[in-house]
Amino acid sequence: TLSDRLADTFKNLRGKGRLSEADIDATAREIRIALLEADVALPVVKEFTRAVKERARGAEVSGALNPAQQVVKIVNEELVAILGGETRRLRYAKSGPTVILLAGLQGAGKTTLAAKLAKWLKDQGKSPVLVACDLQRPNAVQQLQVNGERVGVPVFAPEPGNGTGDPVAVATASLEHARRTLHDVVIVDTAGRLGVDAEMMQQAADIRDAVRPDEVLFVVDAMIGQDAVSTAQAFLDGVGFDGVVLTKLDGDARGGAALSIRGITDRPVMFASSGEKMTDFDVFHPDRMASRILDMGDVMTLIEQAEKAFDSEKALKAAEKLGSGGDFTLDDFLEQMQQVRKLGSLSSILGMLPGMGQMREQLADFDERSIDRIQAVIQSMTPAERADPTIINGSRRARIAKGCGQTVSDVNQLVDRFFEARKMMQQMARGGGIPGMPGMPG
Ligand code: GDP
Ligand code: MG
């Protein structure tokens, strides 16, 4: 994964306060590989890495993050901005039914998506109707009817009076039908071909001209990888579209299609479809897609929380103290525990980490209550003991245990843990950064 590769890249980078040009280049190279592996189109990759490098050069040094983490943060922010910069909701018609036209290749997932979208709208109090304009593929109308039934949304299909073999006539008739039956959203499902061809494009364009849609949504299979760009471009030229729906995100595609299409067509991804169930559907979440493209789990959330929780001034002071040979005391230890608690519920943090190694194991040892116990034990010590824990002998341990209502073995455990932590802190002071962060050498 990208985090593994970044860890390698930054092996020699510990403790640097600022990224050099060479460091930025090395990171940019890794990001570039990650994007290409996620099937992002080359021109988009180039432009993206250029923008990231520019921002990395001007980046401020952060107290809570080491330089590598900072670059990852920048990359993620840029990705989220591009994927969601101008995310907008569906546009509804000011009067009369809102018309949504679906276009895309055969097998992209249009018919499935039509029903999911209908359900989603219905759950928001809308009254949608589905319109079967794929009259090419045998059973296409029936497939829409089956899906419509699953979500309890009526389907307007060709029959005498609705227009028969002509999708444009069916689409036109559906608008009149929707007005008459007081449906406020009309979702038009269209035919696709396995490849882009002129006749199909023309048909979709004719339907578009007949119904004047409020939204044309381009439906695209996230698994088609690099083909996403040429397909999207063909539909943009042939039919035009306002937004994109990515389907089959339950597959193992890394989702680079989202970034490519956004980069090439400048149209936002609006919805995501992720399975065969009618509920496997959601509005598009740029942050989730960014994590997926980078293959880094929810690391960014963690980095942000770390930044929030760690008072950078305190971190600096602690680092200075350790660096100058000063000692890490039990008071510092207690403060550190309290910082850890500020990070949020430990279990939720652990859930975010793809592979946090050392720190994860250490965190797994604690829970909220054990932090309370640690606090009680430390508060039962004298200032001299806290400042120099090496003086805590057997009789002192017994007194401390009594003072806080814990057992001597609890006190022993705490003191052991403290000495381990001190060792770790001293390593950190030499290395910089939060130990065990993915992308970072621990
Ligand atoms: P259309 O030709 O564009 O109308 O595509 P369909 O809606 O008929 O979908 C083609 C195939 O992909 C069908 O077998 C669907 O069940 C399947 N499909 C559609 N959306 C998804 C999805 O999000 N995930 C998965 N795994 N399969 C999907
Ligand atoms: Mg279909």
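**Exercise 1. Strand E5 and its partners**

Determine which residue of E5 is the bridge partner of Leu102, and establish which strands pair with E5 in this predicted model.

*Solution.*
Step 1. Leu102 has Leu217 of E5 as its bridge partner. A further position of this kind is Ala103, which stands opposite Phe218 in E5.
Step 2. Strand E1 (residues 98-103) runs parallel to E5, and the two are joined by 4 bridges.
Step 3. Strand E6 (residues 243-247) also pairs with E5 in the parallel sense, over 5 bridges. Here Leu217 recurs, with Gly243 in E6 as its bridge partner.
Step 4. Leu217 is thus bridged to Leu102 as well as to Gly243 of E6.
Step 5. As for burial, 6 of the 7 residues of E5 (residues 215-221) are buried.

**Exercise 2. From the pair to the sheet**

State the handedness of the β-α-β unit that contains E5, and give the strand order of the open sheet.

*Solution.*
Step 1. The connection from E5 to E6 includes helix H9 (residues 227-238), and these three elements form a right-handed β-α-β unit.
Step 2. The open sheet has 8 strands in the order E3-E2-E4-E1-E5-E6-E7-E8, and its pairing is mixed.
Step 3. Its edges are strand E3 (155-156) and strand E8 (281-283), each of which pairs on one side only.
Step 4. For the protein chain, the count is 20 helices and 8 strands.

**Exercise 3. Leu121 in helix H5**

Decide whether Leu121 is buried or exposed, and identify the residues that it touches beyond its sequence neighbourhood.

*Solution.*
Step 1. Leu121 is located in helix H5.
Step 2. The threshold for a buried residue is 20 or more other C-beta atoms within 10 Å. Leu121 is classed as buried because it has 21 C-beta neighbours inside 10 Å.
Step 3. When residues up to four places away in sequence are not counted, Leu121 touches Lys126, Pro128 and Val185.
Step 4. Arg386 provides a point of reference: its C-alpha lies 61 Å from that of Leu121, with their positions 265 residues apart in sequence.
Step 5. Over the protein chain of 442 residues, 40% count as buried. Among its contacts with a separation of 6 or more, 76% come from residues 24 or more positions apart.

**Exercise 4. The shell around ligand 1**

Find which helix gives the most residues to the shell around ligand 1, and classify the shell by residue type.

*Solution.*
Step 1. Ligand 1 is surrounded by 17 residues, of which Gly109, Lys110, Thr111, Thr112 and Ser273 are the closest.
Step 2. Helix H5 (residues 110-123) gives the most, with 3 residues.
Step 3. By type, the shell holds 11 polar, 5 charged and 1 nonpolar.
Step 4. An unreviewed UniProt entry lists residues 268-281 under "domain: SRP54-type proteins GTP-binding". That segment is 43% strand and 0% helix, and its end C-alpha atoms are 17 Å apart.

**Exercise 5. Helices H10 and H11**

Specify which residues of H10 are buried, and which residue just after H10 takes a positive phi; then treat H11 likewise.

*Solution.*
Step 1. Helix H10 (residues 256-265) is mostly covered, with 7 of its 10 residues buried. These are Gly256, Ala257, Ala258, Leu259, Ser260, Ile261 and Arg262.
Step 2. Asp266, just after H10, takes a positive phi of about 60°.
Step 3. In helix H11 (residues 286-294), the buried residues are Met289, Ala290, Ser291, Arg292, Ile293 and Leu294.
Step 4. Asp295 follows H11, and its phi is positive, near 60°.

Definitions and conventions:
Residues numbered from 1 in each chain as written. Chains lettered and ligands numbered in written order. Predicted model: local features only at pLDDT ≥ 70, side-chain atom pairs only at ≥ 80, totals over all residues. Buried ≥ 20, exposed ≤ 12 C-beta atoms within 10 Å, placed from the backbone. Contact = placed C-beta atoms within 7 Å. Near = placed C-beta within 6 Å. Nonpolar A, V, L, I, M, F, W, Y, C, P; charged D, E, K, R; others polar. UniProt positions renumbered as here; feature names shortened; annotations may be inferred. Pairing = 2+ DSSP bridges. Right-handed = clockwise from strand over helix to strand, strands pointing away.
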